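User: I am a first-year student, and I would like one close look at a single strand and its surroundings. Please explain how it pairs, what lies around it, and how the wider structure is arranged.

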Number of protein chains: 2
Amino acid sequence: MVLTMKKRVVGIDIGGTFTKFGLVAENGELTHEGAIPTDKYPKIKDFLEELYKQMQKLIEKEAFDIVGVGVGAPNGNFYSGKIEFAPNLPWKGSVDLGGLLKKHFSVPVIVTNDANAAALGELIYGGGKGMKHFIMITLGTGLGSGFVVDGKLVYGHDGFAGELGHTVVVPEGRQCACGKQGCLETYVSASGIKRTMYKMIASEIEDSELRNVSFHDLDAKMISEAAKKGDPLALKAFDYTGKMLGLKLADAVAHTSPEAIFLFGGLSCAGDLIFAPTRKYMEHYLLPIYRNKIKLLPSALQDKNIAVLGAGALIWNELNNRGRQ
Amino acid sequence: MVLTMKKRVVGIDIGGTFTKFGLVAENGELTHEGAIPTDKYPKIKDFLEELYKQMQKLIEKEAFDIVGVGVGAPNGNFYSGKIEFAPNLPWKGSVDLGGLLKKHFSVPVIVTNDANAAALGELIYGGGKGMKHFIMITLGTGLGSGFVVDGKLVYGHDGFAGELGHTVVVPEGRQCACGKQGCLETYVSASGIKRTMYKMIASEIEDSELRNVSFHDLDAKMISEAAKKGDPLALKAFDYTGKMLGLKLADAVAHTSPEAIFLFGGLSCAGDLIFAPTRKYMEHYLLPIYRNKIKLLPSALQDKNIAVLGAGALIWNELNNRGRQ
């Protein structure tokens, strides 16, 4: 009797604080999930050794046929397999993560930007199934994005396409960690809405319970909870956040004419607090021929680990020849 | 003896004032060019009759095998073959131009946006040959654009992708003919730089020969000539125009990560007057990973009728299976 081992892809999502991983089946089933702290390993070698060790622990009881490794990482480059100058990761310069993983696993390895991986997750396993054109926005500490055009992720000439978070929404506006000013993610993200809340507190006179909270203590969830209770300044902060996002989504629509835009994570969990103003301002800034056509939707994978799932999808997508040509 | 007729595509470029046409050979040779005034025919039927008559006159002496008709037109929709609600054309609402032309010619007809046709012309016959990712900007009375991703034009979900001219560069800024405010083409186009020149005259105190010219008399060429002679306000107008364009090109780069951006027509003929500030501000607003990578180039078809050529390329591209899949 011949036993057929179950085929699985290792999905890895590298974030500034944590690196999450798991095994992804072709149908999107995600098992054997684990995590290690990214920022405790200043050397990539030590990081990978710990990653392999933790994976081994989780997986050892079962035998799987690992058919590939997919990685989503900040500044991950699809073409080179490298992580290039990621400001939030401990490894500086250009790190050949793809090459290192390939040596260890001896299977195909694909690396891409974390938000691109999320977009692929949405395409293969989420609300983007069957869509040819959509935009994925991931709202966390920053703002990530991925573009699907003609059913495929857009990587562009150098592999860094789909980067909405660092388009300029206010020229010479807020200082961004990337070195520029006025980037969208300085307005639309967990840290962005916190800055907006502070701006509202400074510029308006309405009272707010958040006037008692220091900048360091304030987080996006507190603003969302205050807004739900009708706090006028928190509501204004959401309206302004939606305005900035709606303005740039209108641009993105004019560029690629998507069927839908998906919002995932953090701020998007605030529901109508963020969806309503975003939709209102997007429609306002859209060219009339695009109005009332574009679906603005929450990710269908909102409660899943979309980045690990998407990292797994990178490989399944390629194996099924649905990848780039 | 069997005579093989030469294969040609009819290329048609419909503009608000003139409609130009010609025969396009597969190698890009453009012959039998002609034009009729668009705005003299309030009825599409009369317009087409005149178009057919003029074409017949030009072509009658030679026998060609017409293999298709390609059309570039404002708001021309690749998917439907229709011109939809084009503000600058005499025919209101939705006009089934593709259907009407097909009836007459009995060959494949493809309709698209005029700037998309120009982008295809650049891809097949111009500086975009061999490139997989670039952006085409056509500067005329307005600002048109087309995106090439993975070697193909991006049409998007509803056929209207690649519309940079109506992305918002200054929220609640200059009134645009499209009904919105602050659209890029109200700043970057022949009419846009004219408005900027007037703004400079009003806000600055330096003298300028253009202070003697009325708004109706002023045109972009006069501003370009004054700038070449060192007129400080005309130079400022070009700098500001380049700033607005550079800002939005930086956005476009972040969306699709192109290898190059081509500028065609009108303002782009002013050379360094427009290229230098556009490049400077684009680099300023670009995320560091994109800097010093993107070629900003004049169209290689600057002296050709790129829109007719591109309209012809629509058909050749499709016949050669290089079209969309």
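Analyst: In this predicted model, strand 8 of chain B, which covers residues 134-139, pairs with strand 9 of chain B, residues 143-149, in the antiparallel sense, and six bridges link the two. The connection between strand 8 and strand 9 of chain B is a hairpin, made through three residues. Within this pairing, Met136(B) stands opposite Gly146(B) of strand 9 of chain B.

Strand 8 of chain B also pairs with strand 11 of chain B, residues 260-264, but here the sense is parallel and there are five bridges. Met136(B) serves again as a point of reference, since its bridge partner in strand 11 of chain B is Phe262(B). Met136(B) can therefore be followed from Gly146(B) in strand 9 of chain B to Phe262(B) in strand 11 of chain B.The side chains of strand 8 of chain B point in two directions: Phe134(B), Met136(B) and Thr138(B) go one way, whereas Ile135(B), Ile137(B) and Leu139(B) go the other way, and all of them are buried. The strand is accordingly described as mostly covered, with six of its six residues buried. Ile137(B) deserves a closer look: leaving aside residues up to four places away in sequence, Ile137(B) touches Leu143(B), Ser145(B), Leu164(B), Ile261(B), Phe262(B), Leu263(B) and Phe264(B). Ile137(B) is also among the residues with the most contacts inside the largest nonpolar core, which has 206 residues, and the others named with it are Ile137(A), Ala234(A) and Ala234(B).

For the sheet as a whole, we can turn to chain A, where five strands form an open sheet in the order 10-9-8-11-12 with mixed pairing. Strand 10 (152-153) and strand 12 (295-298) of chain A stand at the edges with a single partner strand each, so one side of each has no neighbour in the sheet. At one of these edges, strand 9 and strand 10 of chain A pair in the antiparallel sense over two bridges, and Val148(A) stands opposite Leu153(A) of strand 10 of chain A.

The two chains also meet each other, with 40 residues of chain A in contact with 41 residues of chain B. On the chain A side, strand 9 and helix 6 (232-256) are the elements that give two or more residues, and helix 6 of chain A supplies the largest share, seven residues. By class, this side of chain A divides into 20 nonpolar, 10 polar and 10 charged residues.

As for how the chains are related, a rotation of 180° with 0.0 Å of shift along its axis superposes chain A on chain B, with an RMSD of 0.0 Å, and that is the relation of a two-fold axis. Among the residues of chain A, His255(A) comes closest to the rotation axis, at 3.9 Å for its C-alpha. The same surface serves both copies, and 100% of the contact residues of chain A recur in chain B.

Finally, chain A is divided into domain 1 (6-121 + 305-319) and domain 2 (130-298), and the centres of these two domains of chain A, taken over C-alpha atoms, are separated by 27 Å. Their contact takes 12 residues from domain 1 of chain A and 14 residues from domain 2 of chain A. Helix 3 of chain A, residues 114-125, gives six residues, the largest share of the side of domain 1 that touches domain 2. That side of domain 1 of chain A has eight nonpolar, three polar and one charged residues.

Key
Residues are numbered from 1 along each chain as its sequence is written. Chains are lettered from A and ligands numbered from 1 in the order in which they are written. This is a predicted model: local features need pLDDT of at least 70, side-chain atom pairs count only at pLDDT 80 or more; totals for chains, interfaces and linings use all residues. Two strands pair if DSSP finds at least two bridges between them. Helices (H or I, at least four residues) and strands (E, at least two) are DSSP runs, numbered from the N terminus. Two residues are in contact if their C-beta atoms, placed from the backbone, lie within 7 Å. Ala, Val, Leu, Ile, Met, Phe, Trp, Tyr, Cys and Pro count as nonpolar, Asp, Glu, Lys and Arg as charged, and the others, Gly among them, as polar. Copies are superposed by least squares on the C-alpha atoms of residues with pLDDT of at least 70 in both. A nonpolar core is a set of buried Ala, Val, Leu, Ile, Met, Phe, Trp, Tyr and Cys residues joined through C-beta atoms within 7 Å. A residue is buried if 20 or more other C-beta atoms lie within 10 Å of its own, exposed if 12 or fewer, and partly exposed in between; C-beta atoms are placed from the backbone. Domain bounds come from an automatic or database domain assignment.
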